[in-house]
2 protein chains.
Amino acid sequence: MAKELTSRSENYSQWYQDLVIKADLAENSAVRGCMVVKPYGYAIWEKMQAQLDKMFKETGHVNAYFPLFIPKSFFSKEADHVEGFAKECAVVTHYRLKNDPSGNGIVVDDDAKLEEELIIRPTSETIIWNTYRNWIQSHRDLPLLVNQWANVVRWEMRTRLFLRTAEFLWQEGHTAHATKQEAIEETEKIINLYSEFAEKYMAVPVIKGLKTENERFAGALDTYTIEALMQDGKALQSGTSHFLGQNFAKAFDVKFANKEGKEEYVWATSWGVSTRLMGALIMAHSDDNGLVLPPKLAPYQVVIVPIYKKGEQLAAISEKVNAITEKLKGRNISFKYDDKDNRKPGWKFAEYELKGVPVRIAMGPRDLENGTCEVARRDTLTKEVVPVENIDEYIEKLLVDIQENIYKKALDYRESMITKVDTFDEFKDVLKNKGGFVLAHWDGTSETELKIKEETKATIRCLPLEYENEEGKCVYSGNPSSRRVLFALSY
Amino acid sequence: MAKELTSRSENYSQWYQDLVIKADLAENSAVRGCMVVKPYGYAIWEKMQAQLDKMFKETGHVNAYFPLFIPKSFFSKEADHVEGFAKECAVVTHYRLKNDPSGNGIVVDDDAKLEEELIIRPTSETIIWNTYRNWIQSHRDLPLLVNQWANVVRWEMRTRLFLRTAEFLWQEGHTAHATKQEAIEETEKIINLYSEFAEKYMAVPVIKGLKTENERFAGALDTYTIEALMQDGKALQSGTSHFLGQNFAKAFDVKFANKEGKEEYVWATSWGVSTRLMGALIMAHSDDNGLVLPPKLAPYQVVIVPIYKKGEQLAAISEKVNAITEKLKGRNISFKYDDKDNRKPGWKFAEYELKGVPVRIAMGPRDLENGTCEVARRDTLTKEVVPVENIDEYIEKLLVDIQENIYKKALDYRESMITKVDTFDEFKDVLKNKGGFVLAHWDGTSETELKIKEETKATIRCLPLEYENEEGKCVYSGNPSSRRVLFALSY
């Protein structure tokens, strides 16, 4: 097999890199830090988009599109936001090139300098809230529930395909509300939506929680997060939903007349998930043979490979396969029939394992005689010979089973990797020798949080919503703590 | 009515501008030349995208995503392309901002100057063909049929919402083939696909043809176009499909081993439609009351307005309406029930006329008694009282009828606006007093083409595919001509 992967135990990071490239998901481009999302990878992203978009619309959101460019001065208007976002970014300074007078290609035309530089959006709060000022006058204009699918740019120094790239694709929701309570409810509604998407579609279990002040979105009063666990024991922040209070409304002067006719500042939320989810999906389930995709997001759920020596055998197999694919269509099961003659079945088996196709059907001359086919599932790598009759029903159930199984496997792993500790020695020991999430008491101060980070590289991933408050002592300072929080090393 | 439009006869250009803004389709942003596509406008664009994407996939294409940025040097590699595209564009020169030492907000950090400037893609041939070099080795890797949905930037000096904006949304297909013949077939397949989309979904009749050398895409050997006619008698280029020969393969050194093992350069096509189609859609059908949308692209096809004085009347009407909407859902007819109490029915009628909703249903107390409702169609502005029983079937047929009728209306107008002329006086007279397309003999030289443009502002929109060759004399030079070509003033 030409496309062998580095194994996870040998070098997890190299395994990931190999997998993304060899499974044709994405590759680095000629532009530093920017990736090319290849057709197979993009097909998975499209499935994610379609499902998320459906969920946004079912909860009353509409899509719109705002400019790629943000005037530099907009960033200075919200004090925290400028610190967080206006630094490492792509800056447009000119709007024209010209032929080099010395004959060497083209050069920037100094006469075409912009009066004010434009920043490629790293996130769109500023340009959107500048627009909302004209859209919102009365309480009748609220709530405004808008989402945007877009590309954004953050000039990252160390990039990794899908996980951290200079340009990435995402959706960003920006909502406006008449009351604080309603904005908080929206923030929570979305983090629940993200969590449902991650668990039901990506089959990735996540922990919902609040970020600490240090880890909050620049400009937010509260940031909700979903945190997933990768197979190397590191956490991956997979989606965030921010309660922005009235910060952006004040920065961009967005007021509305309430029912009593009194002017008030509008309450805001913003929330997003990105192509980073691709990284989470890949790392959560895949193995040393390649990708493992949940059936709900696989570009095709079934691949069918004919096994034959002579042309007439292929014809007979293809006839049978056509009958099967007709039935699959009837159940909305997506498939690919790979009858190309330039590769042996063994090569194809390895290729589709690498690409994570949930179910493989193989059919040879003996199957024709017996009215059977061989069905292999990617998640368990097990095979079974089954009758062709009712194969569609069999496959439909199998896909449900695979979806559930890979979720359960990821959940079992995640549960086994949440460790409660009560001393800082235990804390460091777990991080070093086991990894995963560490549930520990924390005194609530930034000082302690930063010291722990300095000493262990672990950060507070979130204050989990699902755990009960519990009195205790901070694992680091020994000061009183009212709850355990979730620490981990992270991407 | 607060939202009155300028009439078309008074000022067509102002009418268009008013309509786009008052119907909530788009607006100018704080960034020069960049638009905000508002939710109602974006919902129409999403319907266009969904249908086009389906048609691309049905013809074997897959989606992918390439970087927003293109290294400056890439543009110099294809000689014609650089002339056409590398001039008016957004140039990224720096990757960091810093706090102004003098305390005035943020400024560009001179230490963060890029070694090579990056251009925001005006079109992606260069970066894509640079990538294809690694994707294509053998004839087995071909054809490569890739599409991208993306934003692009061309620094236009005079912009108009949807029709010409600095940033716009589009799809760009980039295909690679083993033979010239196959690439030409692809180019033609796509122009036919665009034409089918324009006519069947947008209800906009188009003329397919070839561009002259002057009007070709920079870097193409042939450009196919679809040309639509607007109500002011001007043509609008609505989509193009380019046969690129081996130009980009040679510029980026993309070769493949053919079946005999010999290395050859790859053959290329590219093709695109953009948010400019929104402009075509708006201008082709709308009237002085507002938008007229074809049912196949309307965000909602039916609006239902209750007419009542008292609360209990509304309750009784709503109950009846719910029964109707259940039936509409069963037929996949999209609708909006507007029972908001802060506007009078008359205001709502005008509002939904402005927004081009194909069918309006009104229901009042008398309708309740009679088991009827009032159905108004937007295209003809006619009303009819119809029984509520079987209303879903009635509406379904009506939507088909409206779709056909607005196409037919646009086609009749377009046909009446194609004028054959044989002298240059006639030519000028038609352009001045009638407008529309002028079918005239042309001697095939750029010189004549440019002189005609200079004297009349008319350009050759295309060499139409559908007309027979016909011997004649050039309307301008009197030299022999083998065919008539299509002239018009244009957007």
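1. Two residues are in contact if their C-beta atoms, placed from the backbone, lie within 7 Å. By that rule, the contact between the chains takes 53 residues from chain A and 53 residues from chain B. Strand β5 of chain A, residues 88–99, gives the most to the side of chain A that touches chain B, with 10 residues. Strands here are DSSP runs of E with at least two residues, helices are runs of H or I with at least four, and both are numbered from the N terminus.

2. The model is predicted: local features need pLDDT of at least 70, side-chain atom pairs count only at pLDDT 80 or more, and totals for chains, interfaces and linings use all residues. Residues are numbered from 1 along each chain as its sequence is written, while chains are lettered from A and ligands numbered from 1 in the order in which they are written.

3. By class, the side of chain A that touches chain B has 33 nonpolar, 11 polar and nine charged residues. Ala, Val, Leu, Ile, Met, Phe, Trp, Tyr, Cys and Pro count as nonpolar, Asp, Glu, Lys and Arg as charged, and the others, Gly among them, as polar.

4. The two β5 strands pair across the interface: five bridges join β5(A) to β5(B), residues 88–99 of chain B, and the strands run antiparallel. Pairing requires that DSSP finds at least two bridges between two strands. Within this arrangement, H94(A) stands opposite V91(B) in β5(B).

5. A turn of 180° and a shift of 0.0 Å along the axis lay chain A on chain B with an RMSD of 0.1 Å. The two copies are thus related as by a two-fold rotation axis. In chain A, V92(A) has the C-alpha nearest the axis, 2.1 Å from it. Copies are superposed by least squares on the C-alpha atoms of residues with pLDDT of at least 70 in both. The copies meet through the same surface, because 100% of the interface residues of chain A are also interface residues in chain B.

6. Chain A holds 14 helices and 26 strands, and its C-alpha trace spans about 80 × 70 × 55 Å along the principal axes. Of its 491 residues, 47% count as buried, meaning that 20 or more other C-beta atoms lie within 10 Å of the residue's own; exposed is 12 or fewer, and partly exposed lies in between.

7. E4(A) lies in the segment before α1 (12–22) of chain A. E4(A) counts as partly exposed because it has 13 C-beta neighbours inside 10 Å.
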